[in-house]
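Trainee: Could you pick one part of this model and take me through it closely, and then add whatever else nearby in your notes is worth a look?

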Amino acid sequence: LGGTYHAYYSSPSRRCRATLRALGFATFMEVERFGRLPKWFYRFQGGLVSRDGTHLVPFLEGYLADPEARQRLLRHGASVLDQVKKVAHKLPPGGRALVLTHLLTIELTAMMARGDENPAAIGAEIRPIEGVAVEFDANDRVTAVRELRLPDSVLAVLEDDPPGELPIPAS
């Protein structure tokens, strides 16, 4: 996360707020638009198997294969990107903000920021505790989109010993 931030924003979800607090950010604003995907999204749960039925496809790619879900998801990504731009307008020149939200929302926003509706444009799906940095110029044009990835070795340690789980004391 390195560096100084001038503002902190969170999805209204308990998990996002708890993560910000755990990282030491006690003061932040909740923004509904940074919340979970809308309820309509969850009816598209069946799209994760390849069209030929031989293998699973990446999570986001599976949902984007459904034309109705694709249209709605891309609108969601554009809407979140617009909210990120509003946040950027409130920052001092050269200022930075940290926005904590959910998987898929991050990826869709990155796709819209890049102007590329192909999920492969961001490399691979964003994994838990990874993110994306989006930079804008004074005219609201995106100047950079960078994936913020953790090394696989760090994720492996976290999967073996998830944060928040305390070891059972020996009796």
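Mentor: Happily! Contact here means heavy atoms within 4.5 Å, and the model is a predicted one. Let's start with helix 4, which spans residues 105-114. Nine of its 10 residues are buried, so the rest of the structure largely encloses this helix. The buried ones are Thr105, Ile106, Glu107, Leu108, Thr109, Ala110, Met111, Met112 and Ala113. What do they pack against? Their partners are two helices, helix 2 (59-64) and helix 3 (67-89), together with two strands, strand 4 (131-136) and strand 5 (142-148). Just after helix 4 comes Gly115, with a positive phi near 75°.

Now for the aromatic rings. Pairing asks for ring centres within 6.5 Å, and by this rule the count is three aromatic pairs. One of them joins Tyr5 and Tyr8 in a tilted arrangement, 6.0 Å centre to centre with 55° between the planes. Tyr5 counts as buried because its relative accessibility is 13%, while Tyr8, at 21%, is partly exposed. Tyr5 also pairs with Phe25, this time edge-to-face, at 6.5 Å centre to centre and 80° between the planes. That second pair bridges distant parts of the chain: Tyr5 lies in the segment before strand 1 (7-10), and Phe25, 20 residues apart from it, in the loop between helix 1 (14-22) and strand 2 (29-30). Phe25 is buried too, at 15% relative accessibility. Ring pairs thus connect Tyr5, Tyr8 and Phe25 as a cluster. Tyr5 has a charged partner as well: the charged end of Arg96 sits over its ring, 4.3 Å from the centre.

Methods:
Residues are numbered from 1 along each chain as its sequence is written. This is a predicted model: local features need pLDDT of at least 70, side-chain atom pairs count only at pLDDT 80 or more; totals for chains, interfaces and linings use all residues. Side-chain values use heavy atoms; hydrogens and water are left out. Buried means under 20% relative accessible area, exposed over 50%, partly exposed in between (1.4 Å probe, protein chains only). Helices (H or I, at least four residues) and strands (E, at least two) are DSSP runs, numbered from the N terminus. Rings of Phe, Tyr and Trp (its six-membered ring) pair if their centres lie within 6.5 Å; planes under 30 degrees apart count as stacked, over 60 as edge-to-face and the rest as tilted. A charge sits over a ring if NZ of Lys or CZ of Arg is within 6 Å of the ring centre and within 35 degrees of the ring normal.
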